[in-house]
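Reader: Hey, I've got a protein open on my screen and I don't really know where to start. Can we go through it together?

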Amino acid sequence: MLPSSAIDPNIIQAYLETEYRAHGRPAFTLRVGQASSDLHDAHRLNNVDCSAFLTACNPLSTPFDAAANAARQALLAEELSSQGLVFVRGIGQDPTNRWPGEDSFLVFGLALDEAKSFGSKYDQNGFIWSGRDAVPQLILLR
């Protein structure tokens, strides 16, 4: 059963099916609701107990062109860096390739409320957040 939201249920379903790939060393893939030993290891390596998988691309699921998305991602990266946050690049990718992947960042040590602020600031429907259990959760913002 899908969560109650103002977001189109088909979009929510797409978020739930997406593979969230972190390009760290080692690279690994996150799936909503599935514990990730790789994420747990990355948390431990970065001395944190939570993380968020964020993007600034395609606000409110409105497709933007590649240049506009790249500019938005650059702003997000600059803001994350200016706050001293550690992050690795990633991509949210539909495993069946029905739509293009969205460049993203896996941000270490980002508390849930802080992640919500970033998601709202960059007009996102939601994001992926993981706590101490390293189980990625879909957090909806509308």
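Author: Sure, we'll go through aromatic pairs, pockets, cysteines and a few single residues; keep in mind that this is a predicted model.

Reader: Cool. How many aromatic pairs does the structure hold?

Author: There are two aromatic pairs. One is made by Tyr20 and Phe53, which sit edge-to-face, 5.4 Å centre to centre and with 70 degrees between the planes.

Reader: Which strands do Tyr20 and Phe53 lie in?

Author: Tyr20 is in strand β1 (residues 19-22) and Phe53 is in strand β3 (residues 51-54), so this pair ties together parts that are 33 residues apart in sequence.

Reader: And are Tyr20 and Phe53 buried or exposed?

Author: Tyr20 is buried, and Phe53 is too.

Reader: OK, what about Phe87 and Phe105?

Author: Phe87 and Phe105 also make an edge-to-face aromatic pair, with 5.0 Å centre to centre and 70 degrees between the planes. That pair links distant parts of the chain, 18 residues apart: Phe87 belongs to strand β4 (residues 86-93) and Phe105 to strand β5 (residues 102-108).

Reader: Is Phe105 buried or exposed?

Author: Phe105 is buried, because its relative accessible area is 0%. Phe87 has a relative accessible area of 21%, so Phe87 counts as partly exposed.

Reader: Switching topic: how much space lies in the largest pocket?

Author: About 680 Å³. The lining has 35 residues, and the closest to the pocket's centre are Cys57, Asn58, Trp99, Pro100 and Glu102.

Reader: Which element supplies the largest share of that pocket's lining?

Author: Helix α3 does, with five residues. Elements that each give at least two residues to the lining include α1 (9-17), α3 (66-82) and α4 (112-121) among the helices, along with strands β3, β5 and β6 (126-130).

Reader: How do the lining residues of the largest pocket divide into nonpolar, polar and charged?

Author: The split is 19 nonpolar, 14 polar and two charged.

Reader: And what lines the second largest pocket?

Author: Among the residues there are Gly24, Arg25, Pro26, Asp38, Leu45, Val86 and Phe108. The space in the second largest pocket is about 160 Å³. Helix α2 (37-45) and strand β4 each supply at least two lining residues, with α2 giving the largest share, four residues. The lining here divides into seven nonpolar, two polar and three charged residues.

Reader: Pro26 is in that list. What is the peptide bond from Arg25 to Pro26 like?

Author: That peptide bond is cis, with omega near 0 degrees. Pro26 sits in the loop between β1 and β2 (28-30).

Reader: Now cysteines: how many disulfides does the structure hold?

Author: Zero. In case the word is new, a disulfide is a covalent bond between the sulfur atoms of two cysteines.

Reader: Is Cys57 buried or exposed?

Author: Cys57 is buried, since its relative accessible area is 3%. Cys50 counts as buried as well, at 8% relative accessibility.

Reader: Let's do some single residues. What does Ile128 touch?

Author: Setting aside neighbours within four places in sequence, Ile128 is in contact with several residues, including Tyr20, Phe53, Val32 and Pro136. Ile128 lies in strand β6 and is buried, with a relative accessible area of 2%. Ile128 and Ile139 are 11 residues apart along the chain, and their C-alpha atoms are separated by 6.0 Å.

Reader: And where is Glu79 found?

Author: Glu79 is in helix α3. At 16% relative accessibility, Glu79 counts as buried, because the cut-off for buried is under 20%. Not counting residues up to four places away in sequence, Glu79 touches Phe118, Lys121 and Tyr122.

Reader: Last one: what is phi of Leu60?

Author: Phi of Leu60 is near 50 degrees, which is a positive value in a residue other than glycine. Leu60 is in the loop between β3 and α3 and is partly exposed, with a relative accessible area of 40%. Asp123 has a positive phi too, near 55 degrees. Asp123 lies in the loop between α4 and β6, and with a relative accessible area of 38%, Asp123 is partly exposed.

Terms used. Residues numbered from 1 in each chain as written. Predicted model: local features only at pLDDT ≥ 70, side-chain atom pairs only at ≥ 80, totals over all residues. Heavy atoms only, no water. Phe/Tyr/Trp six-rings, centres within 6.5 Å; stacked < 30°, edge-to-face > 60°. Buried < 20%, exposed > 50% of the residue type's maximum accessible area, 1.4 Å probe, protein only. 1 Å grid on protein atoms, 1.4 Å probe; cavity = no way out; pocket = protein on both sides within 12 Å on 5 of 7 lines; lining within 4 Å. Points joined across faces, edges and corners; volume = space filled by probe spheres on them. Nonpolar A, V, L, I, M, F, W, Y, C, P; charged D, E, K, R; others polar. Disulfide = S-S within 2.5 Å. Contact = heavy atoms within 4.5 Å.
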